[in-house]
Structure formats: structure tokens, C-alpha cells
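Me: I'd like to learn how to read a few features of a protein model. Could we start with the empty spaces inside?

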Amino acid sequence: KTGGGGGGGGRERERVAPWLPSVRSGAQLNYCRMPQGMKNERLSPERPIRKHNDRKPGSARKHSERKRRRMPMRESSGSSSNDDYRRRNRGYPQSTPKPRLIVVTNRLPVSVMATSSKKEKKKQKPKLKISDGGLVSALKNLSGLYDMKWIGWVGSTVDDAAEQNWIRAELAKQNCHPVFLSEEIAEGYYNGFCNNVLWPLFHYIPVPIEGIKLAGKQWVAYCDANVLFSKVVSEVYRDGDVVWIHDYHLMLLPSKLRVLYPNIRIGFFSHVPFPSSEIYRVLPVRKELLEGVLCSNLVGFQTHDYARHFISTCVRALGTAATEKGVKHRGRVTHVQAFPIGITPRKFLDCLETDSVKARLKELQSMYKGQKLILGVDRLDYIKGIPLKLKAIERFFERNPKWIGKLVLLQIAVPSRGAVNEYKKLRRQTHELVGRINGRFGSFDTGVPIHYLDKTVPFDQLCALYRFADSVLITSVRDGMNLVAYEYIVCQKEKHGVLILSEFAGAAQSLGAGCVQVNPWNVNECARAIKYALEMSEKEKKRFHEYAFQHVYTHDTKAWANEFISALSEIDIEEKKKTKDMMGRRLYLSLPAELNMKQVTKEFSTSMQRLIVFGVNGTISNTIRQEGLPLEAFGYIQVAERVKENIASLANDPNTTLVLISSSSRSILEKTFGKTEAWLGAENGFFLSRPLSAEDSDDSDYDGGQRLSVSGSDKKGSRKWLMTQENADLTWKRKVYEVFEYVRERTPNSYIRNQEASIEWHYHEVKDQHFAKMQANELVGHLRSGPLLNTNTEIVDTDSIVRIRHLGVSKGTGAVKIIEQIQRTMVRDAYYYDNTQSTAGIDFILCVGNLTAEDEDLFVMLNSIRFIDQEEHPLADLWENSESAGNVSLARSASCPSMANLQSLGMSASVATGSDQNICDDDEEDDNDDGDD
């Protein structure tokens, strides 16, 4: 409670929470001094505010002393005094706390260095070494926006409980929380399953037989390690936190956390490539890993190719459905996107200005005077293609002997996993190649053409080499991104060196126009690229570099991290809104409002101009196949005689405009309702046809689309049709039909429904529905990435139908076109014929259709119309007793092009609409509907 200067309200505020702001007459808001014992503490639900009468006995004197010591409130005389006052009272709850971000990686940014001897262990604690890798630099940029917590393995085995407690306490000061793995688990998890199975497989290298034999025990260790990670995350996690998991080491962690916290927000980012489904499916535990990752809200990859491979693998290995946003699995959609990582350019540019780098540049200029330098910086790993690089240099010297003595390759090979046999073989093979090439092309006069360093280079010396080198040669056989390319581009801001980059590195998709791309397996092509880079003109070098530098500088680590977290936040907002809408929608669909027939008939009889919209298939008819014809033949729309009579009566009423919209073709619709005085909408509104009487009178206002005639129906009485999508390109149908035919031949009892503007593959009669669903998922995934790429189409994938149609075609858009034509007719009649009924406008609308998503856009469109003299929605009476009124289509009103015209005509309306559970229009399964007519 607050009151005037020193009034009773202010005293009540002091008793409840004396450190809350006090409001005085004419004064700005200021903070009181907090009581002793509560300084630097914030209000929280765990710490309730103690009221005046809740004090312990004997504490009245202390409370009086605290009250006298409390700083008096004073008038604000200026911003500077307020700033000084706040600086003296920094512990107050002046702002909301930052949202929390939990980053989970295999290794912490702080490594634990164990002591070397038992004697040392007793005397001193383990040493902590802080690392500053690319991921650490990227996430540092988020520290100002988030309260970050970092969880990871310490990198070594620590069994002593006292040492573990000490490490926890020390790392907690840096917001790090360690995961301790036993030596057995660490060996099987990291050196075993991660490095011997997943790493080679994700880089398109087949797993050796020895690795398959040991994969069983290593998989158990991998599972145990992910469980230990989940336990540490659960200790740190609070409701509302964002968890960001990194890389292939922790592919099971999202599923472990989703079980513990169903509403947790999880982002997963893979820094390595993801292979095609043919490579990945050889993994025995392929399903477990995919299902683990799919428990995330957002899955990110370095490139769009990796994201596409992941989606197609999920479809083939799990039988999931591919969507435009990602993968739908077990009722939830996991978004899959590409987020290419970057570097921190300012870090390298600042280092180039240091004295140590400038001194090193002078040494390099003296050392390589009169020579060109090609630089290679790689880890000693078989995916980096170092032997291929050496063979390319050898081929270059064979074909260009004039460059012997004028060109030097400086290869830095950082040691990696030296205890693994494959890496020992790689090191021996590399040394043999270097020795052979140097012995072949080296001499006492010119020196050796390859300078090989089997060691790590300090950061400042590396920057100097980047700055001095004339070119960098990267020959990775498969790489997630390869940030060496980015680092070289940044350091070449003035010299404009040439980047020779493998097309199998992720960076090639980002820097394609700013580098020379090569296939590292083609040694001759690499040799030609080296010559091209050395002889490139300065103008072309500058053009290459400007493009690459602009991309690297703008797509830095900060942009990468912000983009990923922003996408995750947007997905969370979207999912919450969708959940809220679906809860209301389910309540609405399960308990629909009963149509008040007395109200409908009363308003129908008293209205002047009526608009009635009916669905056809399943609402007033059944769609059946002709007996004895192929499965794809849809010959009849079966309508009961009584229904036909009622439809004809409504259509012949001069004060009623009847609209019939169906998913059937226009030829079938005309066979059934061709002589009916009603608007017809075929193929869900792609084709529209006016009543016959309107066509025979005057159709000069019948515009807005391309007028067509039904093929083979030139006889008298045939209807004219309007195509709602002008200049629609339907050339995609031929390729789609070929794909559909391929799938149909391999799926017994399935069939194709080929219409003029859409094509459908039906599989509801297939006996093995699991196989049919897998076929449908693969079909949708192939269409998205192949025949339908860059086409103006959309895929509607239901339980039994895969439908491809022109983008934007629906019953709602068809109804909009019809209403626009009706409005033009009314305006014309009111102007030319002084028709008072047309002037009054539509005052009754009835729409009868399905309670499924197929007809929802039709309901949404009609519900969006609010007439000019109405203060509330015309259907508000149906919702006065419903708690979910704000969650369904009435609250999600779609934009309607006809609204402005309706309002401009000054139409007053009393709209009656509703749905009856016995009247349905299921265009998705129109041939299956055996419902009552």
C-alpha cells in the first residue's frame, strides 16, 4: 500500500516491506535503506516478507533502531543525486534478474590438471587451466544477456571426494559445474564410442570391424555418461531455464532431460557434419540416438546439407514425418535449422596490432625473402586430408618445376589423439610423405619445399603467419565448418591472400564466392588451383577477399549465438501459443455449440439477402468410386433425392445466394450440380463457377481470373469457370506424377488421384499401414528437396493422403473470391436497377461444413467478418458460456479481402451459423465416408 507524504498508507508500506519504494507527493520514486541482515538479498517466493506483528519477542528495540537508522526520503533534485544515491545502495532489487542459460558441453572451458605424484597430491590441490576456444568466445557474448551456467566433464579422472568438493567450489566461482566420470566410463564414452564410432561415421569414414566388436561395451559407457550429465543438469536447472546442448557426445541427453522436465526448453547444436542416411543407418543404435536428439525443441547444424541429411535420416530410420519446419515425431515437432558458426574477428585484428606480431612479421619477411608461402593449419586427423595436400604440392612441383625454390608449404599439424592406432599410422604416413617430397625437390641452394611443424603454435605467432602467408590450403575430406578459413580471411584484410578451400568443408557453402574451391581427392585439380592462386591478379584477389571478409566479419560468433537463442525463444513462444490454441480448439471441437434451428429459421425468413455456404463431400453427399473401374477413378457424387430438392429450392430463391465448395474436380461437380443456380467451387476453390442465370445475363464484371471451359463440354448449358490463381504454373505436376507413380507401384492397394490443379496419393486401403506411412514420409521428404523445390506449391500430408496443390488454394480463399463477385453484383444492381435489396446488403450468413482442419480456413474467413454497425462479433452469443472463447478461430480472425468492401456498402447483418455433429464434410477422406446423407 502507498499513501501521501508520511500518511497512514506509507506506514503500512513500512510495516510490510520497509525497503520497497516510498511514494511522496511531488517526489520521484526512490528506494529506502534495507534493514540490516537483509542487505544484498532479493525478494523471492522462498523468502516471505515478515510483517511487523511477526517479529520475534524481544526484537522491538532492534526494529526501532533500524527504523531510526533508515535513510529518510528526500525530494529528487536531479539525476546526478539519484545516481549517487543508487550507487550507495546497490543491493536493492532495482531490476529483474537475467534469464538463465545452461550450456552443456563435453568439456568445460576449465580443465583440471591432476598432480603428478602421490606426494604432491597430499600437499596441493589439482590445478585449474582456463581454455579460450571458439565456443567459449562465442558464448561470452551472451553473458550480458543471460545468467550463464556451464556444465561439462573436467577432462580427467578425479576419484577423491574431497578433491571433487574442492573442484566444485572453485568452478562454482566461474559459474561452472563439473561432471565427474570414472576412468572406465571415460574410456568407453570418450575414447571409445565417441572417437572410434561416432566421429568417423559422421565424417563418412566406415567404422572398422574392431570398432563394431567393442561398440557394445562402449555404448553402455556412453549411456552412463549421458545419465551422469543429466544428473548435474537437474541439480542446476530451474523452471524457465534454457538448456543448450552441444555436439555428438551428448545425443542422449535431451531425452533424459525431457523425461525429468516435460516442458523444458532444449536446444541441440551439432558442430560436426551429419552424414546421409545411407551412411548413418549402418549404426546399430541409430534409433536411440535420433530419438534422443528429437526430444529437443531446436536442432541446429552448420549447413543446410547437414540439416537435410538429418531430416531424411529420421524419416527413413524412424518413419517420422518431415515438415517444413523439421521433423514430427510422437506428436511433437522438432525444428531443424542451419546456423553456421563464426569467429571473433576483433580478437584477431587486435592481435595483429601487437608488437610481438609486428616483430614476428619482420622475421618471416627475412626468412622467406623472394619466396611465396602457402600455409596449412590442421589438427593431425585423417579427416583433414593432410596426405592429399602433400600429394597436391608434389604434383604441382612436377608440373611447374620453375616454382621449385620459390614456393614453400608451411604445414602446422597439431597433435591429436596420439594414443589411437589410426592416428599413429597417419602420423607415420605424413612424415614419410614430407621426407620423400623434400628429398625429391629440395637442395642445398633452395632449401626444402615443405616446412613441417608437429606442434602447437602460440596465438600471436599464428596470427603473424596468417598475415604473412600468400595463400592457405585446406584439403579436408569432410569438415563441419573449418574456422581456419575464417581466421585467415580476417588476418588478410590488407594483403588480400587467396583461400584454397575444400568443397567438403562446411565453410565452402558460406565462402564459395570468396575462395577457390577444390575437390581434395582430385590431386590434379588441387595442383591447378595452387597455380591459379599464385598467379591471380591483384584486382581479382581484392574481389575475392572483399566478399569473404564481409561475410566473416558480419557472421561472427555473437551473431551465431544470438541467432540460435532467438530462434529457440521464438519456437517456445510459438509452441505455447499453439498449445493454448489447441486446448481451446479441442474443447470447442469436442463440445460444439448446438445449432439453434428456431433462431436460424426465424432469421432466415425475416432476412432480405442470404448467403449460404455448404461443403459437398460428406456434408450433403458421399463421394464413391465407380464399380469395376480402377482405384483412381472417382465417378460420382452421391446425393439423396430429398437433398437435391432442398438444394434446388434454396438455389432458386431470388433472395438467397448458395455456394457449394468441394475437393472434387470441376467436371464431376458440374455433372452433379451443373443445372443448379448456385456458385460452385471445385478442387477446394481453385476453380469457381457462377450460377447459370448470372452467366446468361451480364458477366462484364466477372473478372479477377482466367475464364475457362470444361474439356469436352461444349454443349448448351455448360458452365464457365474462373481460375482463382492467375497464371498459375502447373508444370510441376508432371514430375510429381512420376514420383507418385513410382511409389504407387511399390505400395499395393494405393492409388493416385490426378486432378487439374492438384494431385493426390491415397494409401488408406493399404493393409500394412506402417509401411504405407513410411512410404508417405519418404515421399514428402523427397518432394520437398527435389521436384517441388522453388515451386509455388504446398504439401498437405494427412493420415491417408499426400496432396500437392498450388500455394494459397483453400476453401477459405475460394469463398473470398465468391463474396467479392457477389459484392460486385450487388453494387451493379444497386446502381443500375435501383435494387433496394442489394442496397441493404447481406443480412444472413449460414456456413455448414466439417469440424476438421480442412474446413477450418472457411470458418475462420467467415468468422473474421465484422459488419460496420456491430460492436461485437455476430457469433458472440454462441460463446457466452464457453471458457475457451479466446482460444479458437474467433480470436484468430484471418485477414479477409472482402471486409473493406462489406463495410463500404454499409451492410448490417445478423449472422447465424453453427455446426451439427451429424452433418460433416470430410474432403480429406471423401471416398471413405460412409456417413448418412
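Reply: Sure, but helices and strands come up throughout, so here's how they are set: helices (H or I, at least four residues) and strands (E, at least two) are DSSP runs, numbered from the N terminus. This is a predicted model, where local features need pLDDT of at least 70, side-chain atom pairs count only at pLDDT 80 or more, and totals for chains, interfaces and linings use all residues. Residues are numbered from 1 along each chain as its sequence is written, and side-chain values use heavy atoms, with hydrogens and water left out.

Me: How many cavities of 30 Å³ or more are there?

Reply: Rolling a probe the size of a water molecule over the atoms shows where empty space is left. On a 1 Å grid over the protein atoms alone, a cavity is a set of points where a 1.4 Å probe fits but cannot get out, and lining residues have an atom within 4 Å of a point. Points are joined across faces, edges and corners, and a volume is the space filled by probe spheres set on them. Here the count is seven cavities of 30 Å³ or more. The second largest cavity has a volume of about 70 Å³.

Me: Which element gives the largest share of the lining of the second largest cavity?

Reply: That's strand 29, with three residues. Among the lining residues are Ser-663, Phe-686, Arg-803 and His-806.

Me: Is Ser-270 buried or exposed?

Reply: Buried means under 20% relative accessible area, exposed over 50%, partly exposed in between (1.4 Å probe, protein chains only). Ser-270 has 5%, so this residue is buried. You'll find Ser-270 in the loop between strand 7 (265-269) and helix 10 (277-280). Contact means heavy atoms within 4.5 Å. Leaving out residues up to four places away in sequence, Ser-270 touches Asp-247, Gly-300, Phe-301 and Gln-302.

Me: And what about Lys-406?

Reply: Lys-406 is partly exposed, because its relative accessible area is 45%. Lys-406 sits in the loop between helix 15 (386-399) and strand 13 (407-414). Lys-406 touches Gln-371 and Lys-372, again not counting residues up to four places away in sequence. Between Lys-406 and Lys-369 there are 9.4 Å in space, C-alpha to C-alpha, though they're 37 residues apart in sequence.

Me: How far does helix 12 reach?

Reply: The expected span of a helix is 1.5 Å times one less than its number of residues. Helix 12 (residues 304-318) has 15 residues and reaches 21 Å from its first C-alpha to its last, close to the 21 Å expected. Its buried residues include Tyr-306, Phe-310 and Leu-318. Just after helix 12, Gly-319 takes a positive phi of about 70 degrees.

Definitions and conventions
1 Å grid on protein atoms, 1.4 Å probe; cavity = no way out; pocket = protein on both sides within 12 Å on 5 of 7 lines; lining within 4 Å.
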